[in-house]
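I opened this notebook to record what I looked up in the structure, entry by entry.

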Amino acid sequence: MPSDVRSSLGQLLAEARKHAIVDDSETAASLLESAHTVATNKLPESTQRDRLQHGCLSAHDALPDGTLAAAYIIAMERRLPELE
């Protein structure tokens, strides 16, 4: 995964998680949609891209349950490679 894509996804997911936890579902949903778009447009077809897309959709669908949405987001964050 290119470092700029990883960085963008990491930032979007971290912000989405924060907003989900404080019950700001609208902002969390928007950030998850952006992360889904980045994964779709910037990653090649792969299992990793599919998992990120699925995770974004699942977290989005979990809203307004911020705790459940945050759990999905945390799982996605753990799957992102470390920045070098």
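Before placing anything in a loop, I note that helices here are DSSP runs of H or I with at least four residues, numbered from the N terminus. I also keep in mind that this is a predicted model.

**Entry 1: the loops**

I looked up Pro 64 and found it in the loop between helix 3 (47–62) and helix 4. The peptide bond that joins Leu 63 to Pro 64 is cis, with omega at about 15°.

I then turned to Asp 23, which sits in the loop between helix 1 and helix 2 (25–42). Its phi is near 60°, which is a positive value in a residue other than glycine. Asp 23 has a relative accessible area of 58%, and since exposed means over 50%, I list Asp 23 as exposed.

**Entry 2: helix 1 by itself**

I checked the length of helix 1 next: it has 19 residues, and from its first C-alpha to its last it reaches 27 Å, close to the 27 Å expected at 1.5 Å a residue. Going through its residues for burial, I wrote down Val 5, Arg 6, Leu 9, Gly 10, Leu 12, Leu 13, Ala 14, Ala 16 and Ala 20 as the buried ones. What do the buried residues of helix 1 pack against? They pack against helix 2, helix 3 and helix 4. After helix 1 comes Asp 23, the residue with the positive phi already noted.

**Entry 3: helix 1 against helix 2**

For this pair I recorded a packing angle of about 160°, with the axes 8 Å apart. Angles over 145 degrees count as roughly antiparallel, so I enter helix 1 as roughly antiparallel to helix 2. The crossing of the two is left-handed. On the helix 1 side the contact is made by Val 5, Leu 9, Leu 12, Leu 13, Glu 15, Ala 16, His 19 and Ala 20, while the residues that helix 2 brings to it include Leu 31, Leu 32, Ala 35 and Val 38.

**Entry 4: helix 1 against helix 4**

Here I again wrote down an angle of about 160° and axes 8 Å apart, and helix 1 and helix 4 are therefore roughly antiparallel to each other. Their crossing is left-handed. The contact is made by residues of helix 1 that include Gly 10, Leu 13, Ala 14 and Arg 17, and by residues of helix 4 that include Ala 69, Ala 70, Ile 73 and Glu 77.

**Entry 5: salt bridges**

How many salt bridges does a search of the whole structure find? I noted 2.

In one, the side chains of Glu 77 and Arg 17 meet at 2.8 Å, N to O. This pair links distant parts of the chain, with Glu 77 in helix 4 (residues 66–79) and Arg 17 in helix 1, 60 residues apart. Arg 17 has a relative accessibility of 21% and so counts as partly exposed; I add that the limit for buried is under 20%.

In the other, the side chains of Lys 18 and Glu 15 meet at 3.5 Å, N to O. Both residues lie in helix 1 (residues 3–21), 3 residues apart, which is about one turn of the helix. I looked up the exposure of each partner: Lys 18 counts as partly exposed because its relative accessibility is 45%, and Glu 15, at 33%, also counts as partly exposed.

Note on methods:
Residues numbered from 1 in each chain as written. Predicted model: local features only at pLDDT ≥ 70, side-chain atom pairs only at ≥ 80, totals over all residues. Heavy atoms only, no water. Salt bridge = Lys/Arg side-chain N within 4 Å of Asp/Glu carboxyl O. Buried < 20%, exposed > 50% of the residue type's maximum accessible area, 1.4 Å probe, protein only. Expected span 1.5 Å × (residues − 1). Contact = heavy atoms within 4.5 Å. Axes fitted to C-alpha atoms, helices over the stretch in contact; angles between N-to-C directions. Parallel < 35°, antiparallel > 145°, perpendicular 65-115°, else oblique. Left-handed = near helix turned anticlockwise from the far one by under 90°.
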